[in-house]
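Okay, thanks for making time, everyone. I've got one structure to walk through today, so let me put it up on the screen.

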There are 2 protein chains.
Amino acid sequence: MDKSICPRFEKAMGLLSQRWTGLILYQLLSGPQRFCTIESSVGVSGRVLSERLKDLENEAIVKREVYPETPVRIEYSLTDKGLALEPLMKEIEKWSQNWLEA
Amino acid sequence: MDKSICPRFEKAMGLLSQRWTGLILYQLLSGPQRFCTIESSVGVSGRVLSERLKDLENEAIVKREVYPETPVRIEYSLTDKGLALEPLMKEIEKWSQNWLEA
DNA sequence: ACAATAACTTACTTTATGTAAGTAAGTATA
DNA sequence: TATACTTACTTACATAAAGTAAGTTATTGT
């Protein structure tokens, strides 16, 4: 009975179940943001955030843009693939509202 | 700018982003199942599966039922709270179909 | 020149997970 | 009667992932 789960589903779940990844993506749904903003609003350490953003860039879910202003501004935002996660996030919101205590 | 994310959402994401938890729940959506079935279909180790099922029982997402047959049969199934995760899982399926390669 | 800020990276510690063996209860087999 | 087998776990130990804190590079403000 080994491995009855769809590999694509498994991959998606593998991405989302990386610690912090879901919260990082949820945070980015509210618009492009810089490193330190994500760090403090999500509560993830810089070390892990840096790692996750690289992974998400490799998956083409997040894009990184450098604005050579002064001081330099680096913004992370969602690609179309990343934006497509919105309905999923809304479902998590719904479930948490309906089934979890405040 | 600390902690701008809704605590309920954060808790929901915390549950789902535990390694294996999402796949275990997805597997249980197809009906009640025993320990060893989940173990092999999901690919999780017994050690972690045992831990996860206990956590999910404590969260009232999964229930455990003992049938004193021979040999004893123990089945894990979703509560209403667990079943309510179905739309969310469907969204993950959709996203994975649309955006991930096979 | 000195302190400050953003965006990281590195070194080190703690926690989580994987692996494999062990346990308990009951059944079937030799 | 003793041995082996099955399910559902637990325990002990090794490895991988995450947390913490300090360090780096570039640039600005005082």
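I'll go through helix packing, then a sheet, then the empty spaces. Keep in mind that this is a predicted model.

Let's begin with helix H1 of chain A, residues 7–16. What does H1(A) pack against in chain B? One partner is helix H2 of chain B, residues 21–28, with the two axes 9 Å apart and an angle of about 140°. That angle is why we'd call H1(A) oblique to H2(B). On the H1(A) side the residues are A:Phe9, A:Glu10 and A:Met13, and they meet B:Gly22, B:Leu23 and B:Tyr26 in H2(B). If you sort that contact by class, you get four nonpolar residues, one polar and one charged.

Another partner is helix H6 of chain B, residues 86–99. Here the axes come within 9 Å and cross at roughly 110°, so H1(A) is roughly perpendicular to H6(B). From H1(A) we have A:Arg8, A:Phe9, A:Ala12, A:Met13, A:Leu15 and A:Leu16, and facing them in H6(B) are B:Met89, B:Ile92, B:Glu93, B:Trp95, B:Ser96 and B:Gln97. The class count for this contact is eight nonpolar, two polar and two charged.

Quick detour to the sheet in chain B. Three strands make an open sheet there, ordered S1-S3-S2, with antiparallel pairing. The edges are S1 (33–34) and S2 (62–67), each of which pairs on one side only. Between S2(B) and S3(B), residues 73–78, there are six bridges. To give you one spot to look at, B:Val62 sits opposite B:Leu78 in S3(B). Helix H4 of chain B, residues 46–58, packs on this sheet and touches S2 and S3, with its direction at about 110° to that of S2(B).

Now, the holes. Rolling a water-sized probe over the atoms shows where space is left empty.

How many cavities of 30 Å³ or more does the structure hold? Two. The largest has a volume of about 70 Å³. Residues from both chains line it, among them A:Met13, A:Leu16, B:Met13 and B:Leu16. H1 and H6 of chain A, and H1 and H6 of chain B, each put in at least two residues, and H6(B) has the largest share with three. By class, that lining is nine nonpolar, one polar and no charged.

The second largest cavity is about 40 Å³. Its lining includes A:Leu15, A:Leu25, A:Leu56 and A:Ile61, plus B:Trp95 from the other chain. H1 and H2 of chain A supply at least two residues each. Seven of the lining residues are nonpolar, one is polar and none is charged.

Last stop, the open pockets. The largest is about 280 Å³. It has 13 lining residues, and the ones nearest its centre are A:Arg19, A:Trp20, B:Gly14, B:Ser17 and B:Gln18. H1 of chain B gives the most to that lining, namely three residues. The split is three nonpolar, five polar and five charged.

The second largest pocket holds about 190 Å³ of space. Among the residues around it are A:Glu10, A:Met13, B:Gly22 and B:Leu23, and H1 of chain A and H2 of chain B are the elements that give two or more. You may remember those four residues from the H1(A)–H2(B) contact. The class split for this pocket is three nonpolar, six polar and two charged.

That's what I had, so over to you.

Conventions: Residues numbered from 1 in each chain as written. Chains lettered and ligands numbered in written order. Predicted model: local features only at pLDDT ≥ 70, side-chain atom pairs only at ≥ 80, totals over all residues. Heavy atoms only, no water. Axes fitted to C-alpha atoms, helices over the stretch in contact; angles between N-to-C directions. Parallel < 35°, antiparallel > 145°, perpendicular 65-115°, else oblique. Contact = heavy atoms within 4.5 Å. Nonpolar A, V, L, I, M, F, W, Y, C, P; charged D, E, K, R; others polar. 1 Å grid on protein atoms, 1.4 Å probe; cavity = no way out; pocket = protein on both sides within 12 Å on 5 of 7 lines; lining within 4 Å. Points joined across faces, edges and corners; volume = space filled by probe spheres on them. Pairing = 2+ DSSP bridges.
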